[in-house]
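Got your viewer open? Load the model shown here and keep the selection tool handy.

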Amino acid sequence: DGSHPLLLYGYGGYGISMSPGFLSATDRIWLDAGGIYVIANIRGGSEDGERWHQEGMLLKKQNVFDDFAAAAQYLIDMHYTSHEKLAFLGGSNGGLLMGAVITQHPSLAHAVVSAVGLYDMVRSELDPNGAFNTAEYGSGKDAEQFKALYGYWPYHHVDKGAAYPAVLMMTGANDGRVNPLHSRKFTAALQAASNSGLPILLRTSKTSGHGIGSSLDERIAEQTDILTFYFDQLG
């Protein structure tokens, strides 16, 4: 009947498939509270082979964002949830997905958690580890690829006065994979622009990086803050 809170997760990149698996303890908390959990098998992964990956990279990266938005709209149209009860989650390459969906479809979800993502796309290749991403995203030094990057560049598509959803940005001060500056700049831009009255928050961990290898205490603290944010925003 559309009344359930629904958490939609997406990644869509690097040929990584989102396959079935056991849920985590925090997912169990979400389900026990009456939530629905959905994983979107969008282009950029390789769920349907390498072509599925190639259809979501370089000049075709916009397909990833279109697929995720279509999945979200389908869940609303089929009355699994509503705009007011819909939440998004993504990290790293999935953080870029969150940034693009926030700026391209600001009214689609009510709450978004975006972790360790890239949001200033053309400058990302100038970061210490940024050059490794050009094979997936393209380079701003190539005219055609620059045009594609600019088309979805989250940081430069924040609109003054737009009604953005509640957003919790997550980053680690020691992230060597994605420069924490991406999260800081994008958060500041959203805070300055949004007129929805909903919170735009940045959570920076001084003891973690990109997430891999984080301590148990750190993971518990992060998941607690994420669930608290969702529970608060979705009632």
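We'll hop from one selection to the next, and at each stop I'll tell you what is there. One thing before we start: this is a predicted model.

**Stop 1: a helix with two sides**

Select residues 25-32, which make up helix α1. Which of its residues are buried? Colour T26, D27 and W30, because these are the buried ones. They cover an arc of only 105° around the axis, so they sit on the same side of α1. Now turn to the other side of the helix, where A25, R28 and D32 are exposed. Want to see what covers the buried residues? Show β1 (6-9), β2 (36-39) and α9 (216-234), which are among the covering parts. Before you leave, click on G34, which follows α1 and has a positive phi, near 95°.

**Stop 2: the largest nonpolar core**

As background, nonpolar side chains in soluble globular proteins tend to be buried together. Here, the largest nonpolar core has 42 residues. Select L8, F68, F88, L97, M121 and L190, the members that touch the most other members. Which element gives the most to this core? That's α3, with seven residues.

Now zoom in on L8. Leaving aside its neighbours within four places in sequence, L8 is in contact with V38, A40, F68, A71, A72, L75, A87, F88 and L89. There is also a second, separate core of 19 residues, and L7, Y11, V113 and A166 are among its members.

**Stop 3: a serine in a strand**

Next, pick S114, which you'll find in strand β4 (residues 111-115). Is S114 buried or exposed? Its relative accessibility is 0%, so S114 counts as buried. Show its side chain together with that of Y119: a polar contact of 2.6 Å joins the two. Beyond its neighbours within four places in sequence, S114 also has contacts that include G90, G95, M98 and L168.

**Stop 4: charged pairs**

Side chains of opposite charge can pair when their charged atoms come close. How many salt bridges are there in this model? The count comes to seven, and we'll visit some of them.

- Select R43 and D67, a salt bridge whose closest N and O atoms are 2.8 Å apart. R43 lies in the loop between β2 and α2 (50-54) and D67 in helix α3, so this pair ties together parts that are 24 residues apart in sequence. D67 is buried, because its relative accessible area is 17%.
- Move to E55 and K60, whose side chains meet in a salt bridge (3.0 Å, N to O). K60 counts as partly exposed, at 39% relative accessibility.
- Then try D225 and R203, where the closest N and O atoms of the salt bridge are 2.6 Å apart. D225 is in helix α9 and R203 in strand β6 (residues 200-205), so the pair ties together parts that are 22 residues apart in sequence. D225 is partly exposed at 34%, whereas R203 counts as buried at 16%.
- Finally, select D120, R123 and K185, which are joined into one network by salt bridges that share partners.

**Stop 5: out in a loop**

Last selection: A163, in the loop between α7 (143-152) and β5 (166-172). At 42% relative accessibility, A163 counts as partly exposed. What does A163 contact, leaving aside its neighbours within four places in sequence? Look for P106, S194, N195 and S196. To finish, draw a distance from A163 to S139: these two are 24 residues apart in sequence and 31 Å apart in space, C-alpha to C-alpha.

Terms used
Residues numbered from 1 in each chain as written. Predicted model: local features only at pLDDT ≥ 70, side-chain atom pairs only at ≥ 80, totals over all residues. Heavy atoms only, no water. Helix = DSSP H or I, 4+ residues; strand = E, 2+ residues; numbered from the N terminus. Buried < 20%, exposed > 50% of the residue type's maximum accessible area, 1.4 Å probe, protein only. Contact = heavy atoms within 4.5 Å. Arc of directions from axis to C-beta. Polar contact = N/O pair within 3.5 Å; in protein donor to acceptor, adjacent residues only side chain to side chain. Core = buried A, V, L, I, M, F, W, Y, C linked by side-chain atoms within 4.5 Å. Salt bridge = Lys/Arg side-chain N within 4 Å of Asp/Glu carboxyl O.
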